[in-house]
Amino acid sequence: MLNMQKLKFEYRIISGYIIIGGIWIVFSDKLLNYFIREPDLLTRIQTFKGWFYVLITAILFYSLLKSHLVKLRKAEQKAINSDRLKTAFLQNISHEIRTPMNSIVGFSDLLKDKKTSDIERTEYLELIGKSSEQLLNIVNEVLDISLIETGNTSVAKKRVNLNNLINEIYSLYEPLIKDDISFSSVKGLSDPLSLILTDAYKVRQTLNNLINNAIKFTDYGQIKFGYNLVNNELEFFVEDTGIGINPDFHLEIFDRFHKVGPENIKIYEGVGLGLAICKGNIDLLKGRIWLESEAGKGSKFFFTIPYEPVWEDETIKIKKTESVKNIDELRILVAEDDEINYLYIKEIFRETGAGIIRAVNGKEAVEICLNNNNIDIVLIDIKMPVMNGYEAIKRIREFRPNLPIIAQTAFALSNEMLKAFNAGCNDYISKPFKKEQLLAMVSKYKPSDKQ
Ligand code: ADP
């Protein structure tokens, strides 16, 4: 049968016009003659018959055209937006990428120079590390904003202990705060009430971006962040005593690539994507984001998310995992197809004395687990040949339901994270990760935590 949806729009319109017209010509006279017997009335009605047809087809074509145009305009807007994003990307990013790249390339060359002293070498390595981090930030921000703006990011809600999240963020930033600044956090709910359902990745990223800005734009005074329960919504805030923002710019700073004042562009690094990402995240979480600030008087950023408490004990999941020994006694299965990444992980565990077994694909990882009861923990890459990480995790779960499995992947996206959790992993670490991050993650599965 002919599928009308598959026909191009113009053919659909014209064939509809011919079919309706044909039916009208064939049947209208017959119907009129059948129902109306009076010749005078029949003549009068026939005079209007043509007009009636024109009116009906006009209404029909109008509604068809309208729905078609709405679809086309939406597609056009999407194309314009993505074109704008591309142009803005090229204009803004190339400079931002070149700056850290330049220092990475430059200092790497200097490292090769035999005349470079050991002290200089350490200094150069530090600068290379800093620039690499800056570069990675830019790549992540661009990836995030592209996903948000093209509608390709989804909300992945899971149970989150908000107070733990605040504590983690506090400990992460505390060492980075300058001496002249006091840093504090506020937790508006007791621990059991702070167990909520939300997308922790997006909340954490939003807080991180706001705190990064507070640190960047504040030289002395205080930085405070946290949340309170207000009208059954969680209202987060990040407050600083920094340079502040003129109210004229309060709306536009949430636009991508927007920085306040040409003088700031030179002094403070940043692409101008942080707040656009925050806004994108909070829109997705069905919340609001705004600020109170004046130039020279500090800033206070707020955002809300719905309060969805979970009345369960989060420790249940952790208790279910098999108890693991100290790191030095561990037998770790590393499922990683990439040679360099494997060597990096092996190097991280070298000093700990842990035993490392390698699998080069998911299938091998499953087989090794099947044949070795003494594997204590699995560190598994998601993107692998033969059998990917998700599939391998699912299979391992069938015979080792409580074996701690940590997924590691280069996909820094929250839906990938959710997919890994759904497959059955206990934790997730995204590449690139630092030695301390991986060791801290593995240490979480030591026996002291699992009583
Ligand atoms: P950037 O990467 O430039 O920090 P953001 O989108 O995070 O990008 O911020 C956009 C602009 O908003 C900043 O360049 C700065 O001008 C202004 N801004 C953001 N947060 C603060 C703050 N806490 N204090 C002062 N100005 C801020």
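The following questions and answers examine a predicted model.

Me: In what order do the five strands of the open sheet stand?
Reply: Strands of a sheet pair through backbone hydrogen bonds, either parallel or antiparallel. In this open sheet the pairing is parallel. From one strand to the next, the twist averages 20 degrees. The order of the five strands is 9-8-10-11-12.

Me: Which strands stand at the edges of this sheet?
Reply: A strand at an edge has a single partner strand, so one side of that strand is left without a neighbour in the sheet. The strands in this position are strand 9 (355-359) and strand 12 (427-430).

Me: Which residue in strand 12 stands opposite T409?
Reply: Strand 11 comprises residues 405-409 and runs parallel to strand 12. Four bridges join strand 11 to strand 12. The residue of strand 12 opposite T409 is S430.

Me: At about what angle does helix 13 run to strand 12?
Reply: Helix 13 comprises residues 435-443 and lies across strand 10, strand 11 and strand 12. Helix 10 (residues 362-371), for its part, lies across strand 8, strand 9 and strand 10, running at about 135 degrees to strand 9. For helix 13 and strand 12, the angle is about 175 degrees.

Me: Is helix 5 roughly parallel or roughly antiparallel to helix 7?
Reply: Two packed helices are described by the angle between their axes and the distance between the axes. Helix 5 (residues 200-216) and helix 7 (residues 274-284) have axes 9 Å apart and pack at an angle of about 150 degrees. Angles over 145 degrees count as roughly antiparallel. Helix 5 is therefore, with respect to helix 7, roughly antiparallel.

Me: How do the residues of the contact of helix 5 with helix 7 divide into nonpolar, polar and charged?
Reply: Helix 5 passes helix 7 in a left-handed crossing. On the side of helix 5, the contact includes K202, Q205 and L210, while the residues they meet in helix 7 include L275, I277 and N281. The residues of this contact divide into six nonpolar, six polar and one charged.

Me: How many of the 11 residues of helix 7 are buried?
Reply: Helix 7 is mostly covered. Its buried residues, among them G274, A276 and G280, pack against helix 3 (118-149), helix 5, strand 6 (289-293) and strand 7 (299-306). The number of buried residues in helix 7 is eight.

Me: What is the phi of K286?
Reply: Most residues other than glycine have a negative phi, and most peptide bonds are trans. K286 follows helix 7, and the phi of K286 is positive. The value is near 65 degrees.

Me: What distance separates the C-alpha atoms of Q222 and S182?
Reply: Q222 is placed in strand 4 (residues 221-230). With a relative accessible area of 28%, Q222 is partly exposed. Leaving aside residues up to four places away in sequence, Q222 touches I181, S182, S184, E239, D240 and T241. Although Q222 and S182 are 40 residues apart along the chain, the separation of their C-alpha atoms is 4.6 Å.

Me: Is N231 buried or exposed?
Reply: N231 lies in the loop between strand 4 and strand 5 (233-240), and its phi is positive, near 50 degrees. The relative accessible area of N231 is 74%. A residue over 50% counts as exposed, so N231 is exposed.

Me: What is the relative accessible area of N232?
Reply: N232 is also found in the loop between strand 4 and strand 5. Its phi is near 60 degrees, a positive value in a residue other than glycine. N232 is exposed, with a relative accessible area of 53%.

Key: Residues are numbered from 1 along each chain as its sequence is written. This is a predicted model: local features need pLDDT of at least 70, side-chain atom pairs count only at pLDDT 80 or more; totals for chains, interfaces and linings use all residues. Side-chain values use heavy atoms; hydrogens and water are left out. Two strands pair if DSSP finds at least two bridges between them. Helices (H or I, at least four residues) and strands (E, at least two) are DSSP runs, numbered from the N terminus. Axes are lines fitted to C-alpha atoms, for helices over the stretch in contact, and angles run from 0 to 180 degrees between N-to-C directions. Contact means heavy atoms within 4.5 Å. Angles under 35 degrees count as roughly parallel, over 145 as roughly antiparallel, 65 to 115 as roughly perpendicular and the rest as oblique. A crossing is left-handed if the near helix is turned anticlockwise from the far one by less than a right angle, and right-handed if clockwise. Ala, Val, Leu, Ile, Met, Phe, Trp, Tyr, Cys and Pro count as nonpolar, Asp, Glu, Lys and Arg as charged, and the others, Gly among them, as polar. Buried means under 20% relative accessible area, exposed over 50%, partly exposed in between (1.4 Å probe, protein chains only).
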